[in-house]
Amino acid sequence: LVSRENHPDRSTVHVGGVPIGPDTVTLIAGPCAVETPQQTLEAAQMAKAAGATLLRGGAYKPRTSPYAFQGLGEAGLRILADVREETRLPIVTEVVDAHDVDLVASYADMLQVGTRNAQNFALLQAVGAAGKPVMLKRGMNATIEEWLMAAEYIAQRGNLDIVLCERGIRTFETATRNTLDVSAVPVAQRLSHLPVIIDPSHSGGRRDLVLPLTRAAIAVGADGVIIDVHPHPEQALCDGPQALVDGDLRELAEIMRTFPQLM
Ligand code: PEP
């Protein structure tokens, strides 16, 4: 279903009216985690100022350590809904448990499945049945074939509104959190009709790499990028070191504006 064999034209997925697909580079930005109404609103305003047309933000955070901030849950979803009201930015947010899919879908414009759940087949089937577009991160240990098969689990439930997101894979390299596999973008686009975007924030885990990797994403033909921003990263409860700050936004906006010239 997700293969290009029977579907030669590349697809565009619409999220709350915002297109993600071959004719544009969509910027999705926002806080890694929803922490407070003020922090989420400020991050959303930063995202919008940089040219974002979709707001990201995690209310359910799949953390490596069980002692780390796990997200605000439904209270976080309510904050996202309020910020959507204020900024008019549709919401992309992660769901980590099949039992929460209906709840998260009742607030979200797009459901995100993260790298740690990328082969959680019960979750994939549940999001496939939820009637909302889905962003499927690549499992950090998944081959491209395994990633596309994970997408197939969603598609099988009748949902072809799927966006693939390359977010770095595990390699021997320790200088970055994960290694962004830029070649995955053209490979996946050749094999599948689904849009493919890049997450330069979670792949590197480092603020100084986000803008260079965003340039790489655009140069390699990604259909969008998803980026963390935070008004006060030093106080962030999750992934502060990779969040862009106010001073980075002009450059981010500039990079997004160069897109038409690159085509
Ligand atoms: C995220 O986008 O909030 C996230 C946790 O990403 P990943 O699943 O790629 O680590």
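**Exercise 1. Locate Cys32 and decide how many disulfides the model has.**

Cys32 is placed in the loop that runs between strand S3 (26-30) and helix H1 (37-49). The structure is a predicted model. Determine how many disulfides the count comes to.

*Solution.*

Step 1. Take the cut-off: a disulfide needs a pair of cysteine sulfur atoms within 2.5 Å.

Step 2. Find the partner candidate for Cys32. The closest cysteine sulfur belongs to Cys238, and the distance to the sulfur of Cys32 is 3.4 Å.

Step 3. Compare. Because 3.4 Å is too far for a bond, Cys32 is not joined to Cys238. Cys238 is likewise in no disulfide, its nearest cysteine sulfur being that of Cys32.

Step 4. State the total. The count comes to zero disulfides.

**Exercise 2. Are Cys32 and Cys238 buried or exposed?**

*Solution.*

Step 1. Take the cut-off: a residue is buried when its relative accessible area is under 20%.

Step 2. Cys32 has 4% relative accessibility, so Cys32 counts as buried.

Step 3. Cys238 has a relative accessible area of 5%, so Cys238 is buried.

**Exercise 3. Go from Cys32 to the ligand site, and describe the contacts there.**

*Solution.*

Step 1. Start from Cys32. Its C-alpha is 7.4 Å from the C-alpha of Arg56, a residue 24 positions apart from Cys32 in sequence.

Step 2. Arg56 is one of the residues that surround the ligand. The others are Lys61, Glu94, Gln112, Gly114, Thr115, Arg116, Lys137, Arg167 and His202.

Step 3. Look for polar atoms close enough to count as a contact; the cut-off is 3.5 Å between N or O atoms. Lys61 has a polar side-chain atom 2.8 Å from a ligand oxygen. For Lys137, a polar side-chain atom is also 2.8 Å from an oxygen atom of the ligand. In Arg167, a side-chain N or O atom lies 2.6 Å from a ligand oxygen.

Step 4. Add the coverage. On its own the ligand has 290 Å² of accessible area, and the protein covers 96% of this.

Step 5. Name the site. The ligand sits in the largest pocket.

**Exercise 4. Which residues of helix H8 are buried, and which residue just after H8 takes a positive phi?**

*Solution.*

Step 1. Helix H8 spans residues 207-219.

Step 2. Its buried residues are Leu209, Val210, Leu211, Thr214, Ala217 and Ile218.

Step 3. Move past the end of the helix. Gly221, just after H8, has a positive phi of about 95°.

Terms used
Residues numbered from 1 in each chain as written. Predicted model: local features only at pLDDT ≥ 70, side-chain atom pairs only at ≥ 80, totals over all residues. Heavy atoms only, no water. Buried < 20%, exposed > 50% of the residue type's maximum accessible area, 1.4 Å probe, protein only. Helix = DSSP H or I, 4+ residues; strand = E, 2+ residues; numbered from the N terminus. Near = heavy atom within 4 Å. Polar contact = N/O pair within 3.5 Å; in protein donor to acceptor, adjacent residues only side chain to side chain. Areas by Shrake-Rupley, 256 points an atom, 1.4 Å probe, with all protein chains shown as cover. 1 Å grid on protein atoms, 1.4 Å probe; cavity = no way out; pocket = protein on both sides within 12 Å on 5 of 7 lines; lining within 4 Å. Sits in = over half its atoms within 2 Å of the grid points.
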